[in-house]
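Hi there,

I'm passing this structure over to you, with my notes underneath. Have a look at it first, and then read on for what turned up.

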Amino acid sequence: MGLHKYFRKIDSLEFQVQFSVLSGFSSLRRYFARDLTLTELIAEAMEDITQSSCSINEHIRHLLDRHGPRMNDESIAAYLYCLKQIDLAVAQEASQYVLNKGGVWWSVRMALHILQYEDQIKESISFSSTENNKVRYSTGNESTIDNSSNTVEPAKRFMFTKKEGNKHQIELAFAS
Amino acid sequence: MPMTLVDFGDDTRKPIYARSGALIPQVDYGDLLNARIGQTVEDVQRRTDIVLADLSKKGKRVSVVRSYSSCLYNCVGMIFACRRAWIEINEIYHIFQEDGFRKIRYEELGAGDIVVYSSDMSPEHVGLVTTVVRRGGKIEVVEVLSKWGRDAEIVHPLHSVPSTLGIASEYWSEKVASGFA
């Protein structure tokens with residue numbers, strides 16, 4: 001059954017109306033962070049990030065393609081929120097899809113938030129030094145990782161791939 | 001035929017100013033303009049019916065649904081922008097300051113005053129007091145008109161709001177007492 005038991009709850013009108021009454025985007029994020037269903041979904045998804053993020057992404061597309069943006073605005077916003085916790089790159093892709101398809105309110109705001117958030121993080125990353133296949137990255141929050149030991153600051157988790165030459169593809173995933 | 005919202009093709013937001021002249025921030029539509037589609041009256045009614053049914057199960061009732069408008073304004077926009085704008089709830093204290101509001105006690109509450117609902121010390125909702133009934137000098141009934149997010153506009157008893165909107169925690173007013181002795 002996987003994540004589908006969560007999908008049923010999150011897609012329901014009963015779930016959505018908890019958040020459609022809210023008057024602020026920060027309120028929405030605060031309540032999403034506290035919601036038990038979303039917390040459990042994220043926890044289970046973290047056990048297999050690749051499969052789970054793909055599953056959630058596909059479900060977002062299914063909702064938009066089958067029902068249209070009007071029927072599941074808060075649900076889609078919630079899925080985007082979850083994806084942001086699980087896999088920022090997939091969250092970005094899903095967000096762009098939501099914007100292309102169109103949304104009513106919260107789904108669009110969440111999508112923009114994720115895309116702008118990702119832009120802010122990329123801007124804050126800078127290469128500080130490269131020597132002997134070890135690459136140090138620093139972020140705006142002064143976290144650093146060492147390629148050879150793959151140690152990371154507890155607050156953040158980075159995934160990156162070394163390519164040919166000195167060019168590195170950076171993929172970011174944040175634990176929270 | 002779905003009812004559409006205001007055509008945002010050229011960003012029809014108009015600036016809203018407080019009494020002090022300070023600009024009241026609205027949601028920066030920006031990229032939202034090309035991505036948004038409207039909600040319908042039926043959408044609003046469908047969601048509101050669920051919310052009211054849930055409230056009823058908890059023993060809370062509302063007086064009347066004033067409007068199922070599909071226009072996108074929220075509780076702050078209803079009160080401070082005449083239903084023309086969505087203004088984020090966390091702007092409320094800035095507006096109070098710039099509009100000359102002061103905090104009042106519950107006992108001083110009257111029609112036209114504002115109720116702030118909070119959850120975990122964060123403002124979640126505001127409502128406009130429409131009726132205060134006193135007996136023997138004590139307040140017995142307070143009715144409030146408020147817009148529940150992107151759902152309906154509802155007249156309700158003070159404490160009859162969805163749990164996500166918090167509890168009535170503060171009362172604000174800009175009323176001026178009579179200058180005559």
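How much area is buried between chain A and chain B? About 2700 Å², with carbon and sulfur atoms giving 58% of that figure. Please keep in mind as you read that this is a predicted model.

**Scores**

The model has an ipTM of 0.89 and a pTM of 0.80. For chain B the average pLDDT is 89, and 89% of the residues score at least 70. Of the elements in chain B, β7(B) has the highest mean pLDDT, 98, while helix α1 of chain B (residues 32–35) has the lowest, 68. At the start of chain B, residues 1–8 have a pLDDT below 50, and this stretch has 16 contacts in the model beyond near neighbours in sequence.

Chain A has a mean pLDDT of 76, and 66% of its residues reach 70 or more. Residues 126–176 of chain A are below 50 in pLDDT; that stretch has 89 contacts in the model beyond near neighbours in sequence.

**The interface**

Back to where the two chains meet. On the chain A side 29 residues are in contact, and they touch 36 residues of chain B. Three residues, A:Ser23, A:Arg70 and A:Trp105, supply 26% of the area that chain A buries against chain B, which is more than any other three residues.

Polar interactions are here too: 16 residue pairs are in polar contact between chain A and chain B, counting pairs with both residues at pLDDT 80 or more. Four helices of chain A, namely α2 (13–20), α3, α6 (73–86) and α8 (106–124), each supply at least two residues of the side that touches chain B. The largest share of that side comes from α3(A), with six residues.

As for salt bridges, the structure holds 20 over all chains, and six are found across the interface of chain A and chain B. One to look at is formed by A:Arg30 and B:Glu124, whose closest N and O atoms are 2.7 Å apart. A:Arg30 sits in helix α3 of chain A and B:Glu124 in strand β4 of chain B, so this pair joins two chains.

**The sheet in chain B**

Which strands make up the sheet, and in what order? Chain B has an open sheet of seven strands, ordered β1-β6-β5-β4-β3-β7-β2 with antiparallel pairing. Its edge strands are β1 (64–67) and β2 (102–104), each pairing on one side only. From one strand to the next, the twist averages 35 degrees.

Helix α3 of chain A (residues 25–34) packs on this sheet, where the helix touches β3 (114–119) and β4 (122–135) of chain B. The direction of α3 makes about 105 degrees with that of β4(B).

At the β2 edge, β2(B) pairs with β7 of chain B (residues 167–173) in the antiparallel sense, over three bridges. B:Ile104 has B:Tyr171 in β7(B) as its bridge partner.

**A loop residue**

Finally, a word on B:His159, which is placed in the loop between β6 (153–157) and β7 of chain B. Leaving out residues up to four places away in sequence, B:His159 touches B:Lys60 and B:Ala168. B:His159 is 133 residues from B:Gln26 in sequence, and the two C-alpha atoms are 28 Å apart in space.

Happy to talk any of this over whenever suits you.

Best wishes

Technical notes. Residues numbered from 1 in each chain as written. Chains lettered and ligands numbered in written order. Predicted model: local features only at pLDDT ≥ 70, side-chain atom pairs only at ≥ 80, totals over all residues. Heavy atoms only, no water. Pairing = 2+ DSSP bridges. Axes fitted to C-alpha atoms, helices over the stretch in contact; angles between N-to-C directions. Contact = heavy atoms within 4.5 Å. pLDDT = per-residue confidence, 0-100. Buried area = accessible area lost by both parts, 1.4 Å probe. Salt bridge = Lys/Arg side-chain N within 4 Å of Asp/Glu carboxyl O. Polar contact = N/O pair within 3.5 Å; in protein donor to acceptor, adjacent residues only side chain to side chain.
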